[in-house]
Amino acid sequence: MKTHFTRKNFIAMAITFFYLLITAFSAICLDGSNPMMKANNPIQKMGLAFGFPLIEPGFAGWILTACTLIYVLIFVCAFIYELRLAKYYDNKIFTKKWVGIYVATFFITFILCFGIGLVAQYPYEKEYMINSLTFLGESLLVGLILFIILGLIVSGILMLYINFKHIDEPFRFFGNKTKELEEKEKEEEEKEAKELDEQGNLASSFGEAQVDEQGNPIYANASNNGLNGNGALNGELSDTPLKDKERVFPGLCGIDVINQANIYNEFEDNITLKELTTQFRNYLAKEEKLYFDVSTIRAFISGLAASRLIILEGLSGTGKSSLARYFSEFIKEESFFEPVQATWRDRTSILGYYNDFSKSYNETEFLKRLYDATYKENHVNIMVLDEINISRVEYYFADFLSILEYPLDKWKLKIMQLPYDFEAPLHLEDGILQIPSNTWFIGTANKDDSTFTITDKVYDRAITITFDDRNEPFEVNEEVKKVGVSVNKLQSLFKGAIERKENNLSKADLTKFKALTDFTYDTFDLTFGNRIMHQIELLVPVYVECGGSKEEALDFMFSRKVVGKLEGRFEDYIKQGLLDLKSLIVKVYGKDSFKATNHTIDKLLRKL
């Protein structure tokens, strides 16, 4: 079970427990009627030194003291747990909601403590009640003094031990680092310096030397890069400032030359979405021996209408990569495949970087394919990131996650900063690349120990299709052939399906679906944002046009966008909540409805 507590929380609870333990011991010593303790023991003498009277608390006083100690510990543990819950769910611990919970917890524990203690004071004589409260106060105060004294002693001993242990090591105010850690930091600094030497300073490489206070030119990394004082390679004459775009962007300029000719434009645009779905499924079965449930093909095609990022997730060998590859082949295009590497940490892994030493831009195949697609505006461009989660998607794909949220005309990637007089490749104006509107990104994701968890930030922006089960083979007797589909035709099919009123969700459909989303919010605190609702509004009518039903489309989205987020959560209330959700689905939609959601719920229940 994933605990809500951190080590700091356990330390705080332990400190509270030890203080209360010392307070209980102090109370035993201060009890003037306790036959187990010697009269005028050191604790009693301390109390008398502070002017505290010697008290015989009796049964009533001990009940009040015991209740106070018990409920103080309960309150501290409950308060820390609530702080962790607030951080876990809302990432803010002092909202009005949570402050109200803290206050309510305090008053509940106080009332229980005072109530039990008050019952013990019967027959409620003033003298007895004052006697009990005085005894409680003396115990708490003397316990606090002893706790502070013992704490200082223990801290002093620990400081002596730690400093003697590290007596030969340099002292740092914020903690001593081990030699191993210092050596590791030194290696990282040397590695970073080496990378900077390799990449160098962009401005100086383009002939725009920086100057010092006296106006003398400064050449970045001159010594490390083998440059002499004039900015030339040692042993070579200095070249003129670099202005040649073919040297800086050889791959992109080559694409400019190739695409000056006419682009292939053979399309067969006389097809419907339902025919596209059926023929693609049959093509996979007959030509490639790949068998997919029709709902998977509908989800894939309608997902293209709802998002530019599709994630195909599941066990290895279930046909995730093949689905993306053969869809392009079926519509007479060619997918681009990029295997994600575990070393990818930022955008340079897919977009490249400028190399100061070679004076050229390190163009990746991903960048060149994206650039090439700007010339083929009417061709469907499928770019597959294979094993997308072998590195963290939020790191290397961060720019795309943000940009694809914008309107089409704002899909602009800053590749690099160019000098003011540099002539860039034709479609890289001012160093900015317009992501072509004909592009979809498809990521395949395995679930095993070698991969990272895909976060909700990525899942919310993508349409995710899960491949869990093997589908049964089926025969296709009819003739199948590839169908050339242009981007314009595909987008017009999507637009026509969305504009068709009978395909869209009615008020009754939204009311029924809202019952499920409200339940998941109230029970699991799973929000259902505007982004997901917008995706549903785009996906459902296209899914219907592909031959499915509204209920199937809602089931697909609800299982992935909402219920799927409960993966990895093992709180006590989750199991009962899932069972209640299954009952609600039967009540709202009927017994044999929402099969994908029920399948996901059953998988989660097996893990609880």
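L323 is in contact with F280, L284, F292, I297, F300, L312 and F467, neighbours within four places in sequence being left aside. The model is a predicted one.

L323 also belongs to the largest nonpolar core, which has 72 residues. L323 is among the residues with the most contacts inside this core, together with L273, F300, I301, L312 and I536. Helix 20 (residues 530–545) supplies the largest share of this core, 9 residues. Apart from this core lies another one of 46 residues, and F336, I388, A445 and Y459 are among its members.

L312, one of the contacts of L323, lies on one side of strand 3, with I310 and G314. The other side holds L309, I311 and E313, and the residues of both faces are all buried. Strand 3 (residues 309–314) is largely enclosed by the rest of the structure, because 6 of its 6 residues are buried, that is, each has under 20% relative accessible area.

Two strands that pair with strand 3 are listed below.

| Partner of strand 3 | Sense | Bridges | One bridge pair |
|---|---|---|---|
| Strand 10 (residues 439–446) | parallel | 6 bridges | L309 with F441 |
| Strand 11 (residues 463–467) | parallel | 5 bridges | G314 with F467 |

F467 of strand 11, the bridge partner of G314, is also in contact with L323. In strand 10, F441 is the bridge partner of L309, a buried residue of strand 3.

Terms used. Residues numbered from 1 in each chain as written. Predicted model: local features only at pLDDT ≥ 70, side-chain atom pairs only at ≥ 80, totals over all residues. Heavy atoms only, no water. Core = buried A, V, L, I, M, F, W, Y, C linked by side-chain atoms within 4.5 Å. Buried < 20%, exposed > 50% of the residue type's maximum accessible area, 1.4 Å probe, protein only. Helix = DSSP H or I, 4+ residues; strand = E, 2+ residues; numbered from the N terminus. Contact = heavy atoms within 4.5 Å. Pairing = 2+ DSSP bridges.
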